[in-house]
Amino acid sequence: LNPTIMWGRVKNVCKQNGLLILSVLAVVIGCLLGFFLRGKQLSEQVKYFQFPGELLMRMLKMLILPLVVSSLMSGLAALDAKCSSRLGIMTISYYLWTTFVAVVVGIVMVYIIHPGGAAQKEDSEDSKKPMTSSADALLDLIRNMFPANLVQATFQQVKLIPKPTVAQLLDETTTRRVYIYGIQDDNGSDVQNFSLDLTPPPDVIMKTSPGTSEGMNVLGIVIFSATMGIMLGRMGPNGSALVNFCQSLNEAVLKIVAIVIWYFPFGIVFLVAGKILEMDDPSAMGKKLGFYAITVVMGLVLHGLFILPAMYFFITKKSPIVYIRGILQALLISLATSSSSATLPITFKCLLENNHIDRRIIRFVLPVGATINMDGTALYEAVAAIFIAQVNNYELDFGQIITISITATAASIGAAGIPQAGLVTMVIVLTSVGLPTDDITLIIAVDWALDRFRTMVNVMGDALATGIMAHICRKDFVKEGEQVRAFKAKLMLSDVSQLSFSTLTVYYCEIG
């Protein structure tokens, strides 16, 4: 082969995929740097070392709110009522189906590998912390769907907080008891009496009180923005001013993403290395939770690399490999940030520029998917619940397995797209079958690492769903360019017909 042609091809590949190559190198360098610095005993310096990675997370989180609001409002306002209802029903049905399939995969894997036999249960300080009940967690999910204050929803979520309260003390006569002891001296002659007043300890009751937790209420913002978008579409010309504003805001956010994206390789190095520096002893952790981690990763690989691409192939008859290659940048960012919401701007850009999906479909399907489609989280919760049952030698019957599958599907919908949100919704799954919620502390040691892999599956599921919906609804959505060309052609035809009619009239008058 001609060296000039080869060099030209290499340059072309680097030019087209330069950012992707840099991001892959950044992840590798971050891992190597993190393991190298673990032996240097950096205790105080870790926070300074993590600072560039923290900046990356802050940049991404800054873009979530304007992107979600603008894309949903402008996307749904551009659709007519029939298209939006059809797209909405199909999207949510598809998301629920794939989430349920992920749960089934997780349950099958955990029963085949049986990781609970190798794990050892240890008491932890965290196990003494009060946990939220299943009913309270479900009510919090519904409350967050309808935020009372939209401004507060941009940075806080509603959450019932359990607080220990002392029960009302009884009367003094019933609470104080007198005991008299007769104690003899060494010679056994003198007997002395002592009286002790003992007060029994008060009863401590856990009571929940309304409170808030840090983090954007994405679910509430998505529901409000979707409702507002549908209403703007029905208002017609009266709502066009706000729709145009949302479209302009959406374009501006994507321009900002195009600039910020060049900081990613630098930020990823320190983000990944910083997490490795915070990690506990890997060898001790591997002995206890190695099989559990392998079970989760194998389930995620099976679902993310085989089942979801197979569904894409059978529905669209297109190669999933080419499609996934277009979203590799988003998958790498999700691996580094461990947040599907923070990855949303990058996924939006990849689908629009690399996979050429219709902008109107992306604006609806992607934000909804980043909120309710959590395949990886659902699989992880099912595996973790049955793992905790195996550690406690608790045999689950078929009815309880069905309960786990349904509650894991429902709980994953309420999991916010933020790092380690699945640990919170895990409470719903465990209490639904009577498992101890304190045992969540068993899996915290490896959760930070598994969280990254399940976030990758979540992002891939959202992206593949967008491609599938674009294929199914392709007749409902004439591409914007084709729509403009058709409109121009119609105008030209009308102009020609008017011109020919006027020319004929003049010609007829002249002859007459």
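This passage describes the annotated membrane spans, one long helix and an internal cavity of a predicted model.

According to the UniProt record, an unreviewed entry, the feature "transmembrane region" is placed at residues 20-38, 59-79, 94-113, 216-236, 256-277, 289-315, 364-389 and 401-430. Two of these spans may be compared with the modelled backbone. Residues 59-79 are 90% helix and 0% strand, with end C-alpha atoms that are 31 Å apart, while residues 289-315 are 100% helix and 0% strand, with end C-alpha atoms lying 38 Å apart.

The helix α19 covers residues 444-472. Because a helix is expected to rise 1.5 Å a residue, the 29 residues of α19 should span 42 Å, and the 41 Å between its end C-alpha atoms agrees with that expectation. A kink of about 35° is nevertheless present in α19, with its centre on L450. Most of α19 is covered, in that 23 of its 29 residues are buried.

The helix α19 also takes part in enclosing internal space, as one of the elements that each supply at least two residues to the lining of the second largest cavity, together with α14 (340-353) and α15 (359-372). The structure holds two cavities of 30 Å³ or more, and the second largest contains about 40 Å³ of space. The lining of this second largest cavity is formed by S340, L344, T347, L366, A370, V459 and D462, and α14 makes the greatest contribution to it, with three residues. In character, the lining of the second largest cavity divides into four nonpolar residues, two polar residues and one charged residue.

Methods:
Residues numbered from 1 in each chain as written. Predicted model: local features only at pLDDT ≥ 70, side-chain atom pairs only at ≥ 80, totals over all residues. Heavy atoms only, no water. 1 Å grid on protein atoms, 1.4 Å probe; cavity = no way out; pocket = protein on both sides within 12 Å on 5 of 7 lines; lining within 4 Å. Points joined across faces, edges and corners; volume = space filled by probe spheres on them. Helix = DSSP H or I, 4+ residues; strand = E, 2+ residues; numbered from the N terminus. Nonpolar A, V, L, I, M, F, W, Y, C, P; charged D, E, K, R; others polar. UniProt positions renumbered as here; feature names shortened; annotations may be inferred. Expected span 1.5 Å × (residues − 1). Bend = angle between axes of the 7 residues up to and from the residue. Buried < 20%, exposed > 50% of the residue type's maximum accessible area, 1.4 Å probe, protein only.
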